[in-house]
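Q: Hi! I have a structure open here and I'd like to talk it through with someone. Could you help me find my way around?

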Amino acid sequence: MKTPPLSHTLHRQHLRVTGIVQGVGFRPFVYNLAQSLNLSGLVGNDNQGVFIEIEGDFTSIEHFLEMLAHHPPPLAHIESVSRTAQEPLGTTGFTIVHSQQQPDAHTLVSPDLCVCDDCLAELRNPADRRYGYPFINCTNCGPRLTIIRDLPYDRPLTTMAGFPMCADCQREYDDPTHRRFHAQPNACPVCGPRIWYVRDDTTDEQDAIHRVKEAFQQGKIIAIKGLGGFHLACDATNNSAIQTLRERKGRVDKPFAVMLRDLDAVRRYADVSASEEALLTSRQRPIVLLNRKEQTGLSPLVAPHNHAIGVMLPYTPLHHLLLDDTPLVMTSANYSGDPLVKDNDEAQQKLSHLADAFLLHNRDIQVRCDDSVVRVIQQQEIPLRRSRGYAPFPVHLPFPVKPILAVGGELKATFCVTNEQHAILSQHIGDMDNLETLHAFEDSVAHYLRLFRVQPEAVVCDLHPRYLSSGWAERYAESQRIPLIKVQHHHAHLAAVMAENGLGSTETVLGFCFDGTGYSPDHTIWGGEVLRTTYRDYQRLAYLKPIPLAGGDAAVKNPYRLALAYLWSSGLEWDEGLPCVQVVSAQEKRILRRQLERGINTVLTSSMGRLFDAIASLIGVRHSVTYEAQAAVELESRVDRSVRDTPYCFEWVESAGSLVLDPSPLLQSVIADLRANVPVGVMAARFHLAIADMIVQIGLHFRAKTGIDTIALSGGVFQNATLLEKTIQHLEAQHLKVIHHRIVPSNDGGIALGQAVLASVL
Ligand code: ZN
Ligand code: ZN
Ligand code: FE
């Protein structure tokens, strides 16, 4: 009997899978799937993703492809699967082949993920060999970005390289049916990293966890080495511990985040909706801003003058071991403004004045990664700080772009590298106003360029001449002999929101960009802008009436100076009955008035952030600030939510082809309300409604004039959930299409994305 030619019965396909497909259990998934369908072939990683060859009958191959597309492993994120038919080879068996490195190819890296339920069950099982082991992980969970030195993602190229696996761990690692097959950070108490406790000159390795808990009870502050850096932690119910932490850190009022053991604990301390619960328990485990409940035993010093509280759940096995019924303050370990501390020696040097004791470990942190911060409005996640758990997950762009390095701005800095349709936004770097942070930025940039194999064809920065990032970009462009592109701050904000919402290269929006500070082409400070915006250019349709910012920093730190400047600019008296006037000495008033009248040491600003500051002081909520946006945060916190109408209003004045939005009538109404003893909450509400209402009115006006019906919202002012929520509701009620940030922050942490997209289009 003659056997039919192989090709009649057998088919062979070469597949290439891209996306986040490494370090997420993809190869064992493929292996087990192929085995179950009796397909032969191979699977492997390279630095473009995963390649697969499968051979077998037609139906099984189709079934395989169907499973691959619709039921991949939980942490995988497939971007594309391409297939090519090949001649069947008559192979038998399925194998996982060694990683193949192509030096210049681009692939993606998974963010760090919280410990999974399977690992957690083992952590708590006294019979398990990893019982109580703080570094338990598997292919479905654990560290990624923070331990990866280079790609492909293999143990020798991670900070686990120095921990050879014991026989038991190696067996799991080699077994394609095991949850730890090729889990690169796989470890156990025999072979893996370890923790130890240091207080004064004594070290305790046996009882480290117990010693830390004991110290919490004594009101001590502990520096704890985590996933992406150190935290400073203390008992969140202990006033004097938190007071000490604030004094040592030089952090007067800025809220601290707390870590709570589980959702039940969260419900005790805060109101939490279903979507907030989903975020708290998501594998990114961000800090979620929640409405705080009163009288719960949590220290008021955690978040003074603030109704919101930042809460996160434990995300590493170590956190699970540390958390019991005591809620913990968990704040980034650094002095205000400095980068996060990540190494043991560095910690013992720099944190010795901040912490009473240390919980250290010997798994190195390759890159710093702060906790992410989000809040929820209308069941949607709004990012405020996009870092651990999110970075370096790519933003998928609506069109392919050139390889670009965008260096971002100054505050809440991030940078962005692009490759084809991926924009990879870095984790939060911090406020880039000192050299230490600049060095941390530089390290991270080098790491990303190497990891993602990006050779920038241009570098892009903000127009601001004095940003450290802009100076760095200039030097970098020169040394690499590539063009330097400067992008206007608010154009970058709006391009970011357009790009993350998938707007194509020919779209036009009415962009409302409201923030604190952005350098403008006319050398003033913008920040209350309505821009007709495309990826190629923008036109200033309207803006908040500029006021003189007298004394720069002094004005930003002292909102009463802004309130007085606004009154002066609107021709209103500095009436001694007003709270913002009462707090100023006669001498300061005299000097300020002279500065305003003569324009001495002043710069004009149309910043909406400054209007929020001024109103906060005018109605007596906050006259001086100790952290950025404090006045606006506290103003929002005071809003009486039962007030739904009667907004204050603006006057519109035509000037040189643009509309100028003059808040004089708004200020007059506030003063009238103050005199009538209207409650602060009502005034705060009427102010928020005024901004939302003005956006809708201006939106309708320009829709009628230009036919553009998409409103884009960006800029730090839209971190204000009350404002954002009202604005979206009111715009949608008028059938205006609205896009806002859901992937990157609306604050300056998002502008690197916009810069990168603009630079590649311009
Ligand atoms: Zn796991
Ligand atoms: Zn081991
Ligand atoms: Fe900004």
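Q: Let's start simple: how much of the chain counts as buried?
A: Happy to help! This is a predicted model, and of the 762 residues in the chain, 61% count as buried.

Q: And how many helices and strands are there?
A: The chain has 24 helices and 31 strands. Its radius of gyration is 28 Å, close to the 27 Å that the globule rule gives for 762 residues, so the chain is as compact as a globular protein of that length.

Q: What does the C-alpha trace span along its principal axes?
A: About 105 × 65 × 50 Å.

Q: How much area does the chain expose?
A: About 29,200 Å², with carbon and sulfur atoms supplying 48% of it.

Q: OK, on to the metals. Which residues are the protein donors of the iron ion (ligand 3)?
A: They are His489 and His493, each through NE2, plus Asp515 and Asp748, each through OD. These donors lie 2.0 to 2.3 Å from the iron ion.

Q: How are those donor residues spaced in sequence?
A: The pattern for the iron ion is H-x3-H-x21-D-x232-D. The two histidines, 489 and 493, both lie in helix H14 (residues 489-500), where they are four residues apart, about one turn of the helix.

Q: Are those histidines buried or exposed?
A: Histidine 489 is buried, because its relative accessibility is 0%. Histidine 493 has a relative accessible area of 1%, so it is buried too.

Q: Why is the arrangement around the iron ion called irregular?
A: Because the four donor atoms subtend angles of 86 to 169°. To count as tetrahedral, four donors need all angles between 85 and 135 degrees.

Q: What coordinates the zinc ion (ligand 1)?
A: Four cysteines do, through their SG atoms: Cys116, Cys119, Cys138 and Cys141, at 2.3 to 2.4 Å. The angles around this zinc ion run from 103 to 117°, which makes the arrangement tetrahedral. Its donors follow the spacing C-x2-C-x18-C-x2-C along the chain.

Q: Where do cysteine 119 and cysteine 141 sit?
A: Cysteine 119 is in helix H4 (residues 117-123), while cysteine 141 is in the loop between H4 and helix H5 (167-174). The pair is 22 residues apart and links distant parts of the chain. Both cysteine 119 and cysteine 141 are buried.

Q: And what coordinates the zinc ion (ligand 2)?
A: Cys166, Cys169, Cys188 and Cys191, again through SG, at 2.2 to 2.4 Å. With angles of 103 to 117° among the four donor atoms, the site of ligand 2 is tetrahedral. Cysteine 166 counts as buried because its relative accessibility is 14%, and cysteine 188 is buried with a relative accessible area of 0%.

Q: Changing topic: which residues are buried in helix H6?
A: In H6 (residues 208-217), they are Ala208, Ile209, Val212, Ala215 and Phe216. Seen down the axis of H6, the buried residues fall within an arc of 125°, so they line one face of the helix. Just after H6, glycine 219 takes a positive phi of about 75°.

Q: Last one: what is lysine 589 in contact with?
A: Leaving aside neighbours within four places in sequence, lysine 589 is in contact with Leu564, Trp574, Glu576, Val581 and Val584. Lysine 589 is found in helix H18 (residues 586-598), and its relative accessible area is 12%, so it is buried.

Methods. Residues are numbered from 1 along each chain as its sequence is written. Chains are lettered from A and ligands numbered from 1 in the order in which they are written. This is a predicted model: local features need pLDDT of at least 70, side-chain atom pairs count only at pLDDT 80 or more; totals for chains, interfaces and linings use all residues. Side-chain values use heavy atoms; hydrogens and water are left out. Donors are N, O and S atoms within 2.8 Å of the metal (3.2 Å for Na, K and Ca); water is not among the atoms, so sites may look incomplete. Four donors count as tetrahedral if all angles lie between 85 and 135 degrees; four count as square planar and six as octahedral if opposite donors are over 155 degrees apart and all others between 65 and 115; anything else is irregular. Buried means under 20% relative accessible area, exposed over 50%, partly exposed in between (1.4 Å probe, protein chains only). The arc is that of the directions from the helix axis to the C-beta atoms. The radius of gyration is taken over C-alpha atoms; the globule rule is 2.2 Å times the number of residues to the power 0.38. Accessible areas come from the Shrake-Rupley method with a 1.4 Å probe; for residues, only the protein chains shown count as cover. Contact means heavy atoms within 4.5 Å.
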